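Dear colleague,

I am passing on the structure we spoke about, and my notes on it follow below. Please keep it open while you read.

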Amino acid sequence: MAPRADLLAWLLDSDPAIRWQVERDLLNEAPTVWAATRASIATKGFGARLLSL
């Protein structure tokens, strides 16, 4: 696997707050793909923890 592919895989396996930006800005995914990930920020990962405070 190329270094770039390793990095993208690592970023995609991270928090939804990072994942949606990778999908949108680096992978140029369709808006339906990254919008679904972005919508999960309020219920998963760092975003959910922050909102619970």
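Trp34 has a relative accessibility of 18% in this predicted model, and because buried means under 20%, Trp34 counts as buried. Trp20 is likewise buried, at 11% relative accessibility.

The structure holds one aromatic pair. A pair of this kind is described by the distance of the ring centres and the angle of the planes. The rings of Trp20 and Trp34 have their centres 5.8 Å apart, and their planes stand at 35 degrees, so the pair is tilted. This pair links distant parts of the chain, since Trp20 belongs to helix H2 and Trp34 to helix H3, with their positions 14 residues apart in sequence.

Each of these rings also has a charge over it: the charged end of Arg24 sits over the ring of Trp34, 5.9 Å from its centre, while the charged end of Arg38 sits over the ring of Trp20, 4.8 Å from its centre.

Helix H2, which covers residues 16-26, also contains Val22, a buried residue with a relative accessible area of 5%. Leaving aside residues up to four places away in sequence, Val22 touches Leu8, Leu11, Leu12 and Leu27. Val22 and Leu53, by contrast, are 26 Å apart from C-alpha to C-alpha, and 31 residues apart in sequence.

Finally, Ser40 is placed in the loop between helix H3 (31-39) and helix H4 (45-52), and at 12% relative accessibility Ser40 counts as buried. A polar atom of the Ser40 side chain lies 2.6 Å from the backbone oxygen of Thr37.

With best wishes

How values were computed:
Residues numbered from 1 in each chain as written. Predicted model: local features only at pLDDT ≥ 70, side-chain atom pairs only at ≥ 80, totals over all residues. Heavy atoms only, no water. Helix = DSSP H or I, 4+ residues; strand = E, 2+ residues; numbered from the N terminus. Buried < 20%, exposed > 50% of the residue type's maximum accessible area, 1.4 Å probe, protein only. Polar contact = N/O pair within 3.5 Å; in protein donor to acceptor, adjacent residues only side chain to side chain. Contact = heavy atoms within 4.5 Å. Phe/Tyr/Trp six-rings, centres within 6.5 Å; stacked < 30°, edge-to-face > 60°. Lys NZ or Arg CZ within 6 Å of the ring centre and 35° of its normal.
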